[in-house]
Amino acid sequence: MGSTSSGRPVDARDRDGEGRARNARPRDGLGRPLPYGAAGVDRQPEGVVRTPEETVAEAQALLAAGKPFHAHEVFEDAWKSGPAEERELWRGLAQLAVGLTHAARGNATGGARLLRRGAAAVSAWAAGTERRRPYGMDLTGLSAWARDLAEAVERGGESVDAAERAPRLRG
């Protein structure tokens, strides 16, 4: 069996405690894998159950720090562990964070597509409920932010600064 430049066997796979394949490579602030042994950004733990208020606060802090990939993981936890009637809200918010991630990585097409998809999901969820500001979030403002950013990244075609372009979840 051969090995990579890091000395890891070519067919070795990172596994979690239950034997599931997991990529343990360090990541940068936008979630891009770095070489083994490189200093990366602390990863968000997966499967954490938070209150909705904790989810919004943690995601906002990550977005403001220019870490939308990590904010997406926080929203994903809420999407997977929250009540069924809120799953589309959290999924839409995760899509907004991934859209910003792609835009910051320079993927204008993917970024714009996910920003619009997330905006549509958040708007659809808001239209189907009487809760206009769930957990203090400004869903109308978030949808407008996402659509405006989608247009800007398509027009410019260049990466954006994730921290500079981060949304304010609570308006």
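How many aromatic pairs does a search of the whole structure find? The search finds 2, where rings of Phe, Tyr and Trp (its six-membered ring) count as a pair if their centres lie within 6.5 Å. The structure is a predicted model, in which local features need pLDDT of at least 70 and side-chain atom pairs count only at pLDDT 80 or more, while totals for chains, interfaces and linings use all residues. Residues are numbered from 1 along each chain as its sequence is written, and side-chain values use heavy atoms, with hydrogens and water left out.

One aromatic pair joins Trp 90 and Tyr 135, with 6.0 Å from centre to centre and 25 degrees between the planes. This pair is stacked, the word for planes under 30 degrees apart (over 60 is edge-to-face, and the rest are tilted). Trp 90 lies in helix α3 and Tyr 135 in the loop between α4 (108–127) and α5 (139–156), so the pair ties together parts that are 45 residues apart in sequence. Helices here are DSSP runs of H or I with at least four residues, numbered from the N terminus. Trp 90 is buried at 2% relative accessibility, whereas Tyr 135 is partly exposed at 21%; buried means under 20% relative accessible area, exposed over 50%, and partly exposed in between, with a 1.4 Å probe and protein chains only. Together with Phe 75, these two residues form one aromatic cluster.

Phe 75 and Trp 90 appear again in the largest nonpolar core, which has 37 residues. Such a core is a set of buried Ala, Val, Leu, Ile, Met, Phe, Trp, Tyr and Cys residues joined through side-chain atoms within 4.5 Å. Phe 75, Trp 90, Leu 93, Met 137, Leu 139 and Leu 169 touch the most other members. Each of α1, α2, α3, α4 and α5 supplies at least two residues of this core, and the largest share, 9 residues, comes from α3. Leu 169 is in contact (heavy atoms within 4.5 Å) with residues that include Val 56, Ala 59, Leu 63 and Phe 75, leaving aside neighbours within four places in sequence.

Helix α1 spans residues 52–64. Its buried residues are Thr 55, Val 56, Ala 59, Leu 62 and Leu 63. Seen down the axis of α1, they fall within an arc of 135 degrees (taken from the directions from the helix axis to the C-beta atoms), so they line one face of the helix. These buried residues pack against α2 (68–81) and α3 (87–105).

Conventions:
The expected span of a helix is 1.5 Å times one less than its number of residues.
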